[in-house]
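Welcome, and thanks for taking a look at this one with us. Below is a short briefing to keep beside the viewer as you turn the model around.

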Amino acid sequence: MTREAGMALGRLSERAFAVVAGAWPVEPPAPDDVRLLLDSADEATADALKAAASRARDSGLGPRLVARALIEISSYCGNSCRYCGLNACNRLARRYSLSEDEIVESASRAFRAGLRTIVLQSGEDGRDTAELSAIIGAVKRAGFRPDAVDGAGYPAVTLSLGERPEADYAAWKEAGADRYLMRMETGDRELYAALHDGRGLDSRLACHAALRRLGYQLGSGIMVGLPGQSVSGIALDLASMAGGRYAMLGIGPFIPHPDTPLGDETPGDMGLALRATALARICSPWSWIPATTAMASQERDYRVDALLYGANVVMPNFSPAYARGAYAIYPGKRCAAESDDEQRPERATDSLRRLADAAGLAVDPGRADDAWL
Ligand code: SF4
């Protein structure tokens, strides 16, 4: 590890400690410090980042691992993000939309496995607002447990449905939704516009503002290794997200999908994605950070690595088997090959415990809400 990298890490660790200790105002992390560490691929830096990220996570949220059940409710999408296999122009994509019964049945399997958060994710499919409100209510009722360990009888429902009018977000909040995930993917305006036909970053940030106004626990995040993305850009994104007090932050490597305009591009570097995860953690000790499915879908499963680099969430997939294969935002998605057997409560619990043990964490069976609430 170079002396400069050591000094940068010291400054960021000091900031993380001040954040956790509530010592305000805290200076935002300097993007130059973050960039220097992102660029340091040596083993000594990796070890120091892992140690600092684990300390930041354990001080901010405790040495806990939580699981959120992912249900991919529709693969239809009217949008055309150039990196995504579900983009509207991909005629080879398999499209489906789960009924309310299928969604509630999937959620019920997750509840039987002890999970207390359901993440409903889809492309921008234009599903009727009231229909989705009814689904949210049905999922909440299906998971009601008067003896819940965290004292919250109803489970948490997280939505990840893309950009919609504020009135829709308000209706879903009213119906019981708690959280919303909407990654910005990149904060570089030019790159964002080049990747999202007809959409600009401001439209996404306006949705974030609306979701905050309505009281959602908000999640953002970035993709690492996008064509045209610089390390300085990633550093700026991590530093700006640290100032945003996001309840959840997702960092995933870019995986080119062959049926998209970016199909021939080089995949994102896993080492860089892991360092970005550690730096997201050090800059944002209070955020829930998943070991993303994209990290599990490499030449090997990198989720334990991500946990060692400061992540503290896994998102087992509870979609029906036919949907897991069809929801191909990128190729080789790890859970696509799994059978329904993987979702049996004892298998899901074992798998969670194995991941937690490997990372030295304890499984937290609660909802794990925003630490700032
Ligand atoms: S990333 Fe989301 S909004 Fe964009 S094309 Fe894919 S499913 Fe649609």
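Helix H5 is a good place to begin: it spans residues 129–142, and its 14 residues reach 20 Å from the first C-alpha to the last, close to the 20 Å expected at 1.5 Å a residue. Please keep in mind that this is a predicted model. From H5 the tour moves to the sheet, and then to a few loop and segment residues.

**Helix H5 and its two sides**

- Five names make up the buried set of H5: Leu132, Ile135, Ile136, Val139 and Lys140.
- These buried residues lie on the same side of H5, because the arc they cover around the axis is only 135°.
- On the face turned away from that buried side, H5 carries the exposed residues Ala130, Glu131 and Arg141.
- What do the buried residues of H5 pack against? Their partners are two helices, H4 (100–112) and H6 (166–175), together with two strands, S3 (117–122) and S4 (156–160).

**The sheet as a whole**

- The sheet is open and has 6 strands, paired in parallel in the order S2-S3-S4-S5-S6-S7.
- S2 and S7 (248–253) stand at the edges with a single partner strand each, so one side of each has no neighbour in the sheet.
- From one strand to the next, the twist averages 20°.
- Helix H10 (residues 270–283) packs on this sheet, where it touches S6 (217–224) and S7, and the direction of H10 makes about 170° with that of S7.

**Strand S3 and its neighbours**

- Strand S3, one of the elements that H5 packs against, is mostly covered, with 6 of its 6 residues buried.
- Which residues of S3 point which way? Thr117, Val119 and Gln121 point one way, while Ile118, Leu120 and Ser122 point the other way, and all are buried.
- Strand S2 (residues 69–74) pairs with S3 in the parallel sense, over 5 bridges.
- Within that pairing, Ser74 has Ser122 of S3 as its bridge partner.
- Between S2 and S3 the chain passes through H4, and this β-α-β crossover is right-handed.
- Glu72 is found opposite Gln121 in S3.
- S3 also runs parallel to S4, joined by 5 bridges.
- Here Val119 stands opposite Thr158 of S4.

**Strand S4 and the step to S5**

- Strand S4 is mostly covered too: 4 of its 5 residues are buried.
- S4 pairs with strand S5 (residues 179–181) in the parallel sense, over 2 bridges.
- In that pair, Leu159 has Tyr180 of S5 as its bridge partner.
- The chain goes from S4 through H6 to S5, making a β-α-β crossover that is right-handed.
- H4 and H6, the helices of these two crossovers, are both among the elements that the buried residues of H5 pack against.

**The loop between H9 and S7**

- Gly243 sits in the loop between helix H9 (231–242) and S7.
- Is Gly243 buried or exposed? Gly243 counts as exposed, because it has 12 C-beta neighbours inside 10 Å.
- Gly243 and Met1 are 242 residues apart in sequence, and their C-alpha atoms are 27 Å apart in space.
- Arg245 also has its place in the loop between H9 and S7.
- Arg245 has 15 C-beta neighbours inside 10 Å, so it counts as partly exposed.

**Backbone angles to check**

- Most residues other than glycine have a negative phi.
- Arg245 has a phi near 45°, a positive value in a residue other than glycine.
- Ala368 has a phi near 55°, again a positive value in a residue other than glycine.
- Where does Ala368 lie? Look in the segment after strand S9 (362–363).
- Ala368 counts as buried, because 23 C-beta neighbours lie inside 10 Å.

Definitions and conventions:
Residues are numbered from 1 along each chain as its sequence is written. This is a predicted model: local features need pLDDT of at least 70, side-chain atom pairs count only at pLDDT 80 or more; totals for chains, interfaces and linings use all residues. The expected span of a helix is 1.5 Å times one less than its number of residues. A residue is buried if 20 or more other C-beta atoms lie within 10 Å of its own, exposed if 12 or fewer, and partly exposed in between; C-beta atoms are placed from the backbone. The arc is that of the directions from the helix axis to the C-beta atoms. Two residues are in contact if their C-beta atoms, placed from the backbone, lie within 7 Å. Two strands pair if DSSP finds at least two bridges between them. A crossover is right-handed if, with the strands pointing away from the viewer, the path from the first strand over the helix to the second runs clockwise. Axes are lines fitted to C-alpha atoms, for helices over the stretch in contact, and angles run from 0 to 180 degrees between N-to-C directions.
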